[in-house]
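Me: I am new to this structure and would like to understand the words used for it. Please set each value against its definition before drawing a conclusion.

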Amino acid sequence: MKKEKGFTKRILKNNSYAIKEAMKLSKKRVLCSFLKRLTEYFLWVFYSAFFVRFILDAIEQERPLKEIITAILLIGGGSLLLELFLYYCDNVLFPSWDIQIFHQLYNKLYQKAENVEIGCYEDREFYDKFSAALDDMGTKLCQCIDNMSTVVSGTIGGVLACYTMIAIDPWTVLFLVAPFLGNFLFAPKMNQISYKRYRDGVPFERRISYVNRVMYLKEYAKEFRLSDIYHVVGDRYEQAAEGKAGIWKPYFKRAFPTGMLQYIFSYMVIFEGILLYGAYQALVPAAPRITFSEMAVLTSVMITASWVWVQVINAVNRSTENSLLVDHLREFLAHEEKIPEDWEGILPEPEVRLIEFSHVSFSYKDGTPVLEDVSFCVEAGKSLVLAGHNGAGKSTVIKLLLRLYEPDKGVIRVNQRDIREYNLAAYRRLFACAFQDGAVMPGTVRYNVLMGREGSDEEVIAALRKAGIYEKVQKLPLGLDTPLTKEFDENGALLSGGECQKILVARAFATPSSVAVFDEPSSALDPIAENELLSGILRETQGKTTLLISHRLSCAKEADAVLLFENGRKAEEGTHQALMEKNGSYAKMYRVQERNYFALEEGQEVAF
């Protein structure tokens, strides 16, 4: 019983939250929805009860035909105006207001998504809630408005219809108890079963959605054609579909008896019972308790009351189905960020004089240490290459420096001040970054270099030249104004992975900043092009504070210092020459790459 109360309370809480959010977005949409539903149920009850009774009474009392026709025309005219109002709501007002709700809601969701820390995107549970919050939530929110207005207005209309029945014959109240039992005793049980069935089906639905998504993504097109992955994905789809279908059978066994009882009490008793009872009272007794006109009204109102309660029940069921998604929306918007993007603080100096990591340790959510007791400094105008095998912690250093994560221990200082004291947006503007997994956006070359910032053609061209991609851009149909990707333009240019990385490097060159950060910016290039790009980066950023992560160590000769990581710890630090003379892990890694690159025999070396 406690579980059922908790479940019902959760549904009410989520739907109340949805209505409150909707009121913030569009009060007119919410209020008009309630007014529309009230109008609909008023018309139902009016026609089935008052209008039918008026016509029958007028005929029995032999009122003048002109009077009856006049009344019918007046009532018909009023009803027509109300129907026009309902039509105007459904076809003009609601579509317009729904678009406003969609726009404002998704702006709110996008702002929240931008403000949450990047670690949330690596948290599967949180990411599922985020995905669910974005999953057509505008439609779900509007459905919540309509469902709640149906429940409230339908309850008012249903009570009014039931009151009319009782006024004709008080004993009909016995039949009215049945639908209330069906709605408030068995319907919550059915809602709970439906909720659990939906919840158990979510993992399978997520897998089905994944397969549906990858089937049309270009990233997977070659794999589908050149490997057996199509059948693997197809098997997963079949397993997910079978798993989802398999849920229905056990839940059907639980839902069937409850559903039958709900149907009997909610519909059959009032439909069949009142019809038989009214016929009996009008025909069988020697002195009938009700007239034929009252029997007609009773039957008509009974049908209306039944259909009104059907609408209410269906709305309650839909509210239950939407409850889980609204729950995800509520939890997502209520999430308290550890590092909110609107973090206030002091404004940093425009020039970075010193970057300092002091005994910094960090681990991701699973608790596995990524960095342990790391300390180093980077002085203004110096270049530092971060080296090490995959997973050694190099990229994590950059993420911590940019405050995408907070260290578990230790402190990071810029200009001898803890970076947590700085205004976050202003602090991040100190850095121009290019990441290996950065994205080329659907837009022109110019847009992808400047990223919404104002800049001259000369500035863009200079950045493209530094990145070694300008010759390619010159050959594009519209030069700097050539759209990239075919996402929004069929004539968009498709660049190779390496060319896209050069665009990202150009973006970093064009960004006015005190520090340049490059995280594996050449991973998609061949060895020769990669060496040229990395050497070019260090050459073009000479005299500027630069941090470069690369598995290609040949560029380290041109850097002021090298920092080697092993298993999350600082293993070696110094200039390329000093580390080679030390003949430690760095020298060994460098010589292995050197032999592979130049195809040297064991023992041969290239002068460095």
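Me: What makes the contact between the side chains of E40 and K36 a salt bridge?

Reply: In this predicted model, where local features need pLDDT of at least 70, side-chain atom pairs count only at pLDDT 80 or more, and totals for chains, interfaces and linings use all residues, the side chains of E40 and K36 meet at 2.7 Å, N to O. A salt bridge is defined as a side-chain nitrogen of Lys or Arg within 4 Å of a carboxyl oxygen of Asp or Glu, and the 2.7 Å between E40 and K36 therefore meets that definition. Residues are numbered from 1 along each chain as its sequence is written, and side-chain values use heavy atoms, with hydrogens and water left out.

Me: Why are E40 and K36 separated by about one helical turn?

Reply: The two residues are four residues apart in helix α2 (residues 27–60), and because of that spacing E40 and K36 are separated by about one helical turn. Helices here are DSSP runs of H or I with at least four residues, strands are DSSP runs of E with at least two, and both are numbered from the N terminus. Both E40 and K36 are buried, a word that stands for under 20% relative accessible area, while exposed stands for over 50% and partly exposed for what lies in between, with a 1.4 Å probe and protein chains only.

Me: How do you know that D418 counts as buried and R420 as partly exposed?

Reply: The side chains of R420 and D418 meet in a salt bridge at 2.8 Å, N to O. D418 has 15% relative accessibility, so it counts as buried, whereas R420 has a relative accessible area of 34% and is therefore partly exposed. Elsewhere, salt bridges that share partners join K36, R37, E40 and D90 into one network, and a search of the whole structure finds 19 salt bridges.

Me: Why are R353 and E349 called partly exposed?

Reply: R353 has a relative accessible area of 42% and is therefore partly exposed, and E349 is partly exposed because its value is 40%. The side chains of these two residues, R353 and E349, also meet in a salt bridge, at 2.4 Å, N to O.

Me: What makes F252, F256, M260, Y263, I264 and M268 a nonpolar surface patch?

Reply: Patches are made of residues with over 30% relative accessible area and no salt bridge, where like charges are joined within 9 Å and nonpolar side chains (Val, Leu, Ile, Met, Phe, Trp, Tyr) within 5 Å. M260, found in helix α8 (residues 229–283), counts as partly exposed because its relative accessibility is 37%, and this value therefore passes the limit of over 30%. The six named residues make a patch of about 580 Å², with accessible areas taken from the Shrake-Rupley method with a 1.4 Å probe, for which only the protein chains shown count as cover for residues.

Me: How do you know that strand β3 is mostly covered?

Reply: Six of the six residues of β3 (residues 383–388) are buried. S383, V385 and A387 are buried on one side, and L384, L386 and G388 are buried on the other. In a regular strand the side chains alternate between the two faces of the sheet.

Me: What makes β3 a partner of β10 and of β11?

Reply: Two strands pair if DSSP finds at least two bridges between them. Four bridges join β3 to β10 (residues 545–549), in parallel, and β3 and β11 are joined in the parallel sense by five, so both counts satisfy the definition of pairing. In β10, L548 is the bridge partner of V385, and in β11, L563 is the bridge partner of L386.

Me: Why is the pairing of the sheet β6-β9-β10-β3-β11-β12 called mixed?

Reply: Strands of a sheet pair through backbone hydrogen bonds, either parallel or antiparallel. In this open sheet of six strands, β3 runs parallel to β10, whereas β11 (residues 561–566) runs antiparallel to β12 and is joined to it by five bridges. The edge strands are β6 (431–435) and β12 (569–574), each of which pairs on one side only.
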